[in-house]
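Let's look together at how charged and ring-bearing side chains are arranged in a protein model. Keep the 3D view open and find each residue as you read.

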Amino acid sequence: MQTPKHQQAQLQTTSSNISSSFSSVDIQSIEVKDEEMSRSALNTFRLKEEEIEKKKMEVSQKVQAQLGRVEEETKRLAEIREELESLTDPTMKEVATVRKKIDIVNKELKPLGQTCQKKEKEYKDALEAFNEKNKVKAQLIGRLMELVSESEKLRMKKLEELSKHIDSMHL
């Protein structure tokens, strides 16, 4: 069975070995790499966000253009129908067919609009989740830096104590 002093000496030896393997250059290198990875991830996210926004705008513009055309066509058809009803023209069947097609297009447009809204909500949810995870990451990096700093201080203090102890033994 080891005594507490013997265990502490082993712990100090292990701590010294660990401190020598992690120099401040390694920590700085890790920090730089982490910062580069964060920037890269952020840039990738921004590019994806811009791409999503661009596609969203394109779809929205297409839907709006289609809605505008449908409304114009509906007005034109209503005018034509009024003229046909007043003339009792034999083309009444064609008008009815066109009106049915317009109704079908209107029915197809409704789910497209809903899909646009759904995608926009999914995008917002994904962005919020990303921001939350990024915040957690920043907190964890901060805590890591605190722990590394604390560890370095404790190891330096121990090394100074050991140095004083060795110096006092030589005197």
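## Salt bridges along the helices

In this predicted model, Glu120 forms a salt bridge with Lys124, and their closest N and O atoms are 3.5 Å apart. A salt bridge here is a side-chain nitrogen of Lys or Arg within 4 Å of a carboxyl oxygen of Asp or Glu. Both Glu120 and Lys124 lie in helix α3, 4 residues apart, which is about one turn of the helix. Helices are DSSP runs (H or I) of at least four residues, and they are numbered from the N terminus, like strands (E, at least two residues). How accessible are the two partners? Glu120 counts as partly exposed at 28% relative accessibility, and Lys124 also counts as partly exposed, at 49%. The cut-offs are under 20% relative accessible area for buried, over 50% for exposed, and partly exposed in between, using a 1.4 Å probe and protein chains only.

Helix α3 holds another such pair: Lys121 forms a salt bridge with Asp125, with the closest N and O atoms 3.1 Å apart. Lys121 and Asp125 are 4 residues apart in helix α3, so about one helical turn separates them. Lys121 is exposed at 51% relative accessibility, while Asp125 is partly exposed at 38%. Now for a link between pairs: salt bridges that share partners join Glu53, Lys56, Glu120 and Lys124 into one network.

Two members of that network, Lys56 and Glu53, form a salt bridge whose closest N and O atoms are 3.6 Å apart. Both lie in helix α2, 3 residues apart, about one turn of the helix. Lys56 is partly exposed, with a relative accessible area of 25%, and Glu53 is partly exposed at 30%. How many salt bridges are there by this rule? The count comes to 11.

## A stacked pair of rings

The structure holds 1 aromatic pair. The rings of Phe45 and Phe130 have centres 4.1 Å apart and planes at 5°, so they are stacked. Rings of Phe, Tyr and Trp (its six-membered ring) pair if their centres lie within 6.5 Å; planes under 30 degrees apart count as stacked, over 60 as edge-to-face, and the rest as tilted.

Phe45 lies in helix α2 (residues 24-87) and Phe130 in helix α3 (residues 92-170), so the pair ties together parts that are 85 residues apart in sequence. Is each ring's residue buried or partly exposed? Phe45 is buried, with a relative accessible area of 19%, whereas Phe130 is partly exposed at 24%.

## How confident is the model?

The predictor gives each residue a confidence score called pLDDT, from 0 to 100. The protein chain averages 82, and 82% of the residues score at least 70. Among its elements, helix α1 (residues 4-21) has the lowest mean pLDDT, 51, and α3 the highest, 90. Over residues 17-22 the pLDDT is below 50, and beyond near neighbours in sequence this stretch has 3 contacts in the model. A contact means heavy atoms within 4.5 Å.

## Reading the numbers

Residues are numbered from 1 along each chain as its sequence is written, and side-chain values use heavy atoms, leaving out hydrogens and water. Because this is a predicted model, local features need pLDDT of at least 70 and side-chain atom pairs count only at pLDDT 80 or more, while totals for chains, interfaces and linings use all residues.
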